[in-house]
Amino acid sequence: MVNGKRTLIIIPALNESGSIADVVGEIRGELPGVDVLVVDDGSTDRTAAVAAAAGAQVAKLPYNLGVGGAMRLGYRYARDHNYDVAIQIDADGQHDPRYVPKLVDLLDDNDLVIGARFAGEGDYTVRGPRRWAMVMLSAVLSRVAHTKLTDTTSGFRAANRRVIEMFATWYPAEYLGDTVETLVHTARRGYRIRQVPVAMRKRMAGTPSHSPARAMIYLGRAFAVLTLALIRR
């Protein structure tokens, strides 16, 4: 448990055999009272085997569905096994599990809590079109959620039992849907959203795919996803 709440850490993972053992080991060391579920999203490497050897429970998807598809399975597992809190943590080691108690604390008065990179803690920076997209998304979604949000694409999130129930039956698999559309959907249904400042770290393994062309594509997709999310009901 974390702060008296039965807690599940959900880690969506695609070809993260180089980092997943360290990520699971760190979580188990820092948070010995939580359960860890790694959702192997159709990996072609040994992610599932390495995660299981590190002590995680593993659910293996037969093919790649994306973060949204993996998280939907994770939320269903959390619902079916009666967890009070579900927390998403990335498989690349960028999310520090020592912040988990802070996220869980805020669930006493909120339904969904985001670990925000751009809220005054740490020195994580993003520049160019990706940053423009993040600023635009945060400005619009802050108005929708009636609270200040500075990092709406963060994958470090904590959900209470009410949101777990909702996400177990509805969770978009489309690009950015797991971040942007889930916030719009959650806010419009009256759930309370809050952020907490966190410091983000470098990847433990692998290489992030950043280039000017990819950044421009990200910007265009972000606008498209936000527009669709605001149109949908």
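1. A residue counts as buried here when its relative accessible area is under 20%. By that cut-off, 53% of the 233 residues of the protein are buried. Keep in mind as you read on that this is a predicted model.

2. Some overall bookkeeping first. The protein has eight helices and seven strands. Its accessible surface comes to about 10600 Å², and carbon and sulfur atoms own 51% of that. Take the contacts with a separation of 6 or more: 78% of them join residues 24 or more positions apart.

3. Now the sheet. Seven strands form an open sheet in the order 3-2-1-4-6-5-7, and the pairing is mixed. Strand 3 (57-61) and strand 7 (193-197) sit at the edges with a single partner strand each, so one side of each has no neighbour in the sheet. On average, and with direction ignored, neighbouring strands are turned by 20° against each other.

4. For one pairing in detail, look at strand 2 (residues 35-41) and strand 3, which run parallel over five bridges. Within strand 3, Ala59 is the residue that Val39 stands opposite. Helix 1 (residues 20-30) packs on the sheet and touches strand 1 (7-13) as well as strand 2. The direction of helix 1 makes about 170° with that of strand 1.

5. What does helix 6 touch when it packs on the sheet? Helix 6 (residues 161-169) reaches strand 4 (85-88), strand 5 (112-116) and strand 6 (157-159). Its direction makes about 100° with that of strand 6, whereas helix 1 makes about 170° with strand 1.

6. Staying with helix 6, the buried residues are Val163, Ile164, Met166, Phe167 and Ala168. These buried residues pack against strand 4, strand 5 and strand 6, and also against helix 3 (67-80) and helix 7 (177-188). At the N-terminal end of helix 6, Asn160 acts as the cap: one of its side-chain oxygens lies 3.2 Å from the backbone nitrogen of Arg162.

7. Helix 3 gets a quick length check. With 14 residues at 1.5 Å a residue, helix 3 should span 20 Å, and its end C-alpha atoms are indeed 20 Å apart, which agrees. The buried residues of helix 3 include the glycines Gly68, Gly69 and Gly74, and Met71, Tyr75 and Tyr77 are also among them. Ala70 and Ala78 complete that buried list. Just after helix 3, have a look at Asn82, which takes a positive phi of about 60°.

How values were computed: Residues numbered from 1 in each chain as written. Predicted model: local features only at pLDDT ≥ 70, side-chain atom pairs only at ≥ 80, totals over all residues. Heavy atoms only, no water. Helix = DSSP H or I, 4+ residues; strand = E, 2+ residues; numbered from the N terminus. Buried < 20%, exposed > 50% of the residue type's maximum accessible area, 1.4 Å probe, protein only. Contact = heavy atoms within 4.5 Å. Areas by Shrake-Rupley, 256 points an atom, 1.4 Å probe, with all protein chains shown as cover. Pairing = 2+ DSSP bridges. Axes fitted to C-alpha atoms, helices over the stretch in contact; angles between N-to-C directions. Polar contact = N/O pair within 3.5 Å; in protein donor to acceptor, adjacent residues only side chain to side chain. Expected span 1.5 Å × (residues − 1).
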